[in-house]
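This report was prepared for a reader who wishes to relate a sequence to its three-dimensional model. Please consult both while reading.

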Amino acid sequence: MIMRFLKGITVAAIFAVVLSSCAGESPESVVLKFHDAIDRIDLESARKYVTKESEATIDVLKRIAEREGLQIGEGDSDIKTVIVSSQINDEEDTAIVVFQMVDGSGNVVDESDIFLVKENKEWKIALGR
C-alpha cells in the first residue's frame, strides 16, 4: 500500500516537472537572459530572445561590437538587471516587463520597460516597440 502511494507521488512529481519544462520561459526570464547575453556581448545568444523583426537590431549591435573590437565576455559585469514588475496580456499574447539596471553598489543606473510578444508560443523581445 505504501509503495503504491510513493509510486503515485513520484509519477505525479515527474509529470509536474515535465509540464513545467514544456510551458516555456516566462517574460521575466527572457528579459534576464537577454540582458545577461547583451552584458557579456554574446549577441548570438541574445538573438535567441528577440523577435524575427528585432534580429536586424542585433545585427547592428554585432557590427558595432566587431568594429570596436569587443569580444564575448568583455561586458560590464558590475551591472545587474532586476525585474521590477511585469504585466501579461494573455488575450493578445503580449507582455511588458519593467526592469532596473543596478550597479555593484546597489545604485539604480536606469529603469526602463521592454515589450514582449509570443512568437511560435515562445516569449520574444520586440525591440523598438
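The report below treats the overall fold, the sheet, a residue of strand β2, the salt bridges and two backbone conformations in turn.

**Overall fold**

The structure is a predicted model. Its chain contains four helices and four strands, and these elements follow one another along the sequence in the pattern α-α-α-α-β-β-β-β. The chain has 129 residues, of which 28% count as buried. About 8,900 Å² of the chain is exposed, and carbon and sulfur atoms supply 55% of that area. Among contacts between residues at least 6 apart in sequence, 45% join residues at least 24 apart.

**The sheet**

The four strands form an open sheet in the order β1-β2-β3-β4, and their pairing is antiparallel. Strands β1 (80-89) and β4 stand at the edges; each has a single partner strand, so one side of each is left without a neighbour in the sheet. From one strand to the next, the twist averages 30°.

The antiparallel strands β3 and β4 are joined by four bridges. Lys118 stands opposite Trp123, a residue of β4.

**Val97 in strand β2**

Val97 belongs to strand β2, which spans residues 94-102. Its relative accessibility is 0%, and Val97 therefore counts as buried, the cut-off for that class being under 20%. Leaving aside residues up to four places away in sequence, Val97 touches Pro27, Glu28, Val31, Ile83, Ser85, Ser86, Ser112, Asp113, Ile114 and Leu116. One of these contacts is with Val31: the two residues are 66 positions apart in sequence, yet their C-alpha atoms are 7.7 Å apart in space.

**Salt bridges**

Side chains of opposite charge can pair when their charged atoms come close. A search of the whole structure finds ten salt bridges, and the following table presents three of them.

| Salt bridge | N to O distance |
|---|---|
| Arg40 and Asp42 | 3.3 Å |
| Glu44 and Arg47 | 3.2 Å |
| Lys62 and Glu44 | 3.0 Å |

In the pair formed by Arg40 and Asp42, Arg40 is partly exposed at a relative accessible area of 31%, whereas Asp42 is buried at 11%.

Glu44 and Arg47 both lie in helix α3, three residues apart, which is about one turn of the helix. Glu44 is partly exposed, with a relative accessible area of 39%. Its partner Arg47 has a relative accessible area of 17% and is buried.

Glu44 also forms a salt bridge with Lys62. This pair links distant parts of the chain, since Lys62 lies in helix α4 (residues 55-68) and Glu44 in helix α3, 18 residues apart. Lys62 is partly exposed, with a relative accessible area of 31%. Through salt bridges that share partners, Glu44, Arg47, Lys52, Glu55, Asp59 and Lys62 are joined into one network.

**Two residues with positive phi**

Most residues other than glycine have a negative phi. Which residues depart from this tendency here, and where do they lie? Ile41 is one of them: its phi is positive, at about 60°, although the residue is not a glycine. Ile41 is located in the loop between α2 (27-39) and α3 (43-47). With a relative accessible area of 15%, Ile41 is buried.

Asn120 likewise has a positive phi, near 55°, and is a residue other than glycine. Its place is the loop between β3 (108-119) and β4 (122-125). Is Asn120 buried or exposed? At 70% relative accessibility, Asn120 counts as exposed, the cut-off for that class being over 50%.

**Connecting the parts**

Several of these details fall beside one another along the chain. Ile41, in the loop between α2 and α3, stands in sequence between Arg40 and Asp42, whose side chains meet in a salt bridge. Asn120 lies in the loop between β3 and β4, two strands that are joined by four bridges.

Terms used
Residues numbered from 1 in each chain as written. Predicted model: local features only at pLDDT ≥ 70, side-chain atom pairs only at ≥ 80, totals over all residues. Heavy atoms only, no water. Buried < 20%, exposed > 50% of the residue type's maximum accessible area, 1.4 Å probe, protein only. Contact = heavy atoms within 4.5 Å. Areas by Shrake-Rupley, 256 points an atom, 1.4 Å probe, with all protein chains shown as cover. Pairing = 2+ DSSP bridges. Axes fitted to C-alpha atoms, helices over the stretch in contact; angles between N-to-C directions. Salt bridge = Lys/Arg side-chain N within 4 Å of Asp/Glu carboxyl O.
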